[in-house]
Amino acid sequence: MSATADHAEERTSPAVRLGFQPEQVVQEIGFDDDVDQELREAIEEVIGGQLVDEEYDDVADAVVLWFRDEDGDLTDALVDATTYIEEGGSILLLTPKTGRDGYVEPSDISEAATTAGLSASKSVSVGKDWSGSRLVTPKAAKSKK
């Protein structure tokens, strides 16, 4: 019975659906008191440790970027985030859902990702107030690092 419960949890956990894996180092950028604590806890549970903050001075396997419209230039934030990740790593861009304060237009996300040399591989609802886009570095761009 527990095996069935484990498989059900894997299907429903947004952290697993977003590709997080045990023992990854995940850096969190843009943390504020409006973030989705349940998602943060789900990611920490999957990776088996705590998210590291913006002060972390080594390379991470993935970045969680909380971004709101008033946070500045999204392209700049994405370019900066790529400097923190291991080659082949991904960025989980989290933006407020439609109608929430700080909402970012999908076209703005797409344009910023393209300009930053990233491609979106998956977009999901990750909570009551947040949507997530998993962004990856195209293979051709990896050699530029």
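## Report on a predicted model

Glutamate 111 counts as exposed, because its relative accessibility is 56% and exposed means over 50%. The model described here is predicted. Glutamate 111 sits in helix 5, which spans residues 106–115. Together with Asp69, Glu70, Asp101, Glu105 and Asp108, Glu111 forms a negative surface patch.

**Overall layout**

The protein is built from six helices and five strands. Along the sequence these follow the order α-α-β-α-β-α-β-α-β-β-α. The protein has 145 residues, and 41% of them count as buried. About 8,300 Å² of the protein is exposed, with carbon and sulfur atoms supplying 46% of that area. Among contacts between residues at least 6 apart in sequence, 72% join residues at least 24 apart.

**A buried arginine**

Arginine 40 belongs to helix 3, residues 37–47. Arginine 40 has a relative accessible area of 14% and is therefore buried, the cut-off for buried being under 20%. When neighbours within four places in sequence are left aside, the contacts of arginine 40 are Glu28, Phe31, Val35, Leu51 and Trp66.

**Salt bridges**

The whole structure contains five salt bridges. Three of the pairings are described here, starting with arginine 68 and aspartate 71, whose side chains meet at 2.9 Å, N to O. Arginine 68 is buried, with 5% relative accessibility, whereas aspartate 71 is partly exposed at 38%. Both residues also belong to a network of salt bridges that includes Asp34.

The side chains of arginine 100 and aspartate 129 form another salt bridge, at 2.8 Å from N to O. Arginine 100 lies in the loop between strand 3 (85–96) and helix 5, and aspartate 129 in the loop between strand 4 (119–125) and strand 5 (130–136), so this pair ties together parts that are 29 residues apart in sequence. Aspartate 129 also forms a salt bridge with lysine 128, where the closest N and O atoms are 3.8 Å apart.

The table gives the accessibility of residues in these pairings.

| Residue | Relative accessibility | Class |
|---|---|---|
| Arginine 68 | 5% | buried |
| Aspartate 71 | 38% | partly exposed |
| Arginine 100 | 31% | partly exposed |
| Aspartate 129 | 28% | partly exposed |
| Lysine 128 | 64% | exposed |

Aspartate 129 thus has a salt bridge to arginine 100 and a salt bridge to lysine 128. Of these partners, arginine 100 is partly exposed and lysine 128 is exposed.

Methods: Residues are numbered from 1 along each chain as its sequence is written. This is a predicted model: local features need pLDDT of at least 70, side-chain atom pairs count only at pLDDT 80 or more; totals for chains, interfaces and linings use all residues. Side-chain values use heavy atoms; hydrogens and water are left out. Patches are made of residues with over 30% relative accessible area and no salt bridge: like charges are joined within 9 Å, nonpolar side chains (Val, Leu, Ile, Met, Phe, Trp, Tyr) within 5 Å. Accessible areas come from the Shrake-Rupley method with a 1.4 Å probe; for residues, only the protein chains shown count as cover. A salt bridge is a side-chain nitrogen of Lys or Arg within 4 Å of a carboxyl oxygen of Asp or Glu. Lys and Arg count as positive and Asp and Glu as negative; His and the chain ends are not counted. The place of a charge is taken as NZ of Lys, CZ of Arg, CG of Asp or CD of Glu. Helices (H or I, at least four residues) and strands (E, at least two) are DSSP runs, numbered from the N terminus. Buried means under 20% relative accessible area, exposed over 50%, partly exposed in between (1.4 Å probe, protein chains only). Contact means heavy atoms within 4.5 Å.
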